[in-house]
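This report describes selected features of one protein model, for a reader who is new to structural description. Please keep the sequence and the structure in view while reading.

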Amino acid sequence: MTVRASNVALSLDALLPGRDDLLRREAARALGLRPADVASARVLRRSVDARKKAAVHFVCALAVDLAPGARPRPARGVAVTPYEPPAPLAVPDAAGALAAAGEACPVVVGTGPAGLFCALYLARAGLRPLVVERGADVDERTAAVAAFDAGGPLDAQANIQFGEGGAGTFSDGKLSTGTKSPHIRHVLQGFVDAGAPADILVDAKPHIGTDLLAGVVRRLREQIVEAGGEVLFHTQLTGLSWEGDRLAAVTLRDGVTGEEREVAASRVVLACGHSARDTFELVRDEGLVMERKPFAVGVRVEHPQALVDAVQYGPVAGHPALGAADYKLAVHTAGGRGVYTFCMCPGGTVVAAASEEGGVCVNGMSRHARDGANANSALLVGVEPADLPGDDPLEGVAFQRRLERAAFDAGVAGGGAPYAAPCQTVGSFLAGEAPGGSGDVGPDADGARREAALVAPTYPRGVVEADLRECLPPLVTDALAEALPLLDRKLPGFAHPGAVMTAVEARSSSPVRIVRADDFQARRAGAPDAPTGLYPCGEGAGYAGGITSAAVDGLRVAEALVRQVQEATQG
């Protein structure tokens, strides 16, 4: 008999490779059994409990195979239930329904997690989707990012924002989400089936790592093609054609030749990502209902990873079962504005995330091993729709763009090359002082550190010491100044004077939502009851906030689209 034992406390050593004997003994103790009564035990879910630094341990759910006749008498707090394996994702065969409805194959715009998982579901359902991506495939894209990091020109169509896999491909590959959905397991399993490490099915805070994501993304695309879909790169959506309020066709531009062609399409999934600003303009100009939504902007903050490990794990920092420590922090200013960390990258680097000429934007990434010297995280300040002037739904985009251009200008004004990023230590920022020297923050030639910097900034295009108040507005800098000491109380050392902040982080989330009805379809202004055949999807459309939630939204949209195709044959 196999049971699921939940809320089982395990020692750190019990989850080391090769310690199955210790795992079985500790599982037996939690179940009130003899070790001989436990034939095997495997971890279904694990998280770290580090509230007491003298007793850091894992809290796990286990699948335990019991010897015949064994009767668990679980310890207090341990729950035992029959083990049921997770149900796989069910995909119907809708190929006949599409033909019977006389519809063209659906078009999926964008190959971020929302677009990939949506397209894979549609392909497996027999709908043979056409998937278009304005950027490059993941291999060409990786080369373009490396060339830009090395000082080359920006490729506006192949960079950290645009291309196969979306912005998440060049991140930590974090798969944590605050949302609840049965599809979360399906997304994680989908990543594993595409080559991601199986431990993402177990970890409470799963991640893949930038170094592994490229192969995973490539395999997802191959699965789409194997199931009957078609994927076109360097192909941008530039127009929508209508019959009344219903989509009839899309215009696609070849990014290499510049040629445009019209493709019949009555159902289009718009999974364009949060940086497709020209696509947002197209949607607005076509009269689709859009609205502003809250978003956040700020900086990337870097600390030594060893500092974070020591604060979070105390004397067991460095234990091989733990890996690099992370954090997630949030406070509110006296005026009620939220300030929080986001996309924390243990052992990672700050990356150059620009996608427009003349703008500097930063993000963060980690490799799967998370073995870099620095920890970095976005440190963000909430921006509400009421903070912005006018009534244009895209005013948040304009706000982001102004910050990125101000950061670019600050880098050049400080003597940096184009796309150098403005950077300042926390001590200098909190003191309200202009940085004391010129050139990069970090080690001098003789090893001394200006501004008492704890770390050498990792932004690849170089940083320039600057007053961040010159490129960020008061609503952001005032909130950061108030929040940093508060955050330091939660994570001692967070506001260390030598911690380094690099600007500007402006693409953490979409500032706009393409409004969709209960049927997942957008509506045109003046026709609230008329389904359009356009399905806004994922983070860019305003319905997700990370890799997993975007992929889940892609599956939800795909399910709705397939169901509606089937229903169209019944009328």
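## Salt bridges and helices in the model

Within helix H6, glutamate 222 and arginine 219 lie 3 residues apart, which is about one turn of the helix. The two residues form a salt bridge, and their closest N and O atoms are 3.4 Å apart. The model under discussion is predicted. How exposed is each partner of this pair? Glutamate 222 has a relative accessible area of 31% and is therefore partly exposed. Arginine 219 is also partly exposed, with a relative accessible area of 28%.

Helix H6, residues 210-226, also has a neighbour in helix H3, residues 113-124. The axes of the two helices come within 9 Å and cross at roughly 25 degrees. Because angles under 35 degrees count as roughly parallel, H3 is described as roughly parallel to H6. The crossing of H3 and H6 is left-handed. On the H3 side, the residues in contact are Leu116, Phe117, Ala119, Leu120, Ala123 and Arg124. They meet Val217, Leu220, Gln223 and Ile224 of H6. Sorted by class, this contact comprises 8 nonpolar residues, 1 polar residue and 1 charged residue.

The search for salt bridges extends to the whole structure, where 30 are found. The table lists three of them, including the pair in H6.

| Acidic partner | Basic partner | N to O distance |
|---|---|---|
| Aspartate 49 | Arginine 51 | 2.6 Å |
| Glutamate 222 | Arginine 219 | 3.4 Å |
| Glutamate 395 | Arginine 402 | 3.2 Å |

In the pair of aspartate 49 and arginine 51, is each residue buried or exposed? Aspartate 49 has a relative accessibility of 12%, so this residue counts as buried. Arginine 51, at a relative accessible area of 73%, is exposed. For the salt bridge between glutamate 395 and arginine 402, the values are as follows. Glutamate 395 counts as buried at 14% relative accessibility, while arginine 402 is partly exposed at 44%. Elsewhere, salt bridges that share partners join Arg277, Glu356, Arg401, Glu404 and Arg507 into one network.

A further element to examine is helix H8, which spans residues 305-313. Which residues of H8 are buried? They are Gln305, Leu307, Val308, Asp309 and Tyr313. The elements that cover these buried residues include strand E2 (38-49), strand E13 (295-304), strand E15 (338-345) and strand E18 (374-383). Just after H8, glycine 314 adopts a positive phi of about 60 degrees.

How values were computed
Residues are numbered from 1 along each chain as its sequence is written. This is a predicted model: local features need pLDDT of at least 70, side-chain atom pairs count only at pLDDT 80 or more; totals for chains, interfaces and linings use all residues. Side-chain values use heavy atoms; hydrogens and water are left out. Buried means under 20% relative accessible area, exposed over 50%, partly exposed in between (1.4 Å probe, protein chains only). Helices (H or I, at least four residues) and strands (E, at least two) are DSSP runs, numbered from the N terminus. Contact means heavy atoms within 4.5 Å. Axes are lines fitted to C-alpha atoms, for helices over the stretch in contact, and angles run from 0 to 180 degrees between N-to-C directions. Angles under 35 degrees count as roughly parallel, over 145 as roughly antiparallel, 65 to 115 as roughly perpendicular and the rest as oblique. A crossing is left-handed if the near helix is turned anticlockwise from the far one by less than a right angle, and right-handed if clockwise. Ala, Val, Leu, Ile, Met, Phe, Trp, Tyr, Cys and Pro count as nonpolar, Asp, Glu, Lys and Arg as charged, and the others, Gly among them, as polar. A salt bridge is a side-chain nitrogen of Lys or Arg within 4 Å of a carboxyl oxygen of Asp or Glu.
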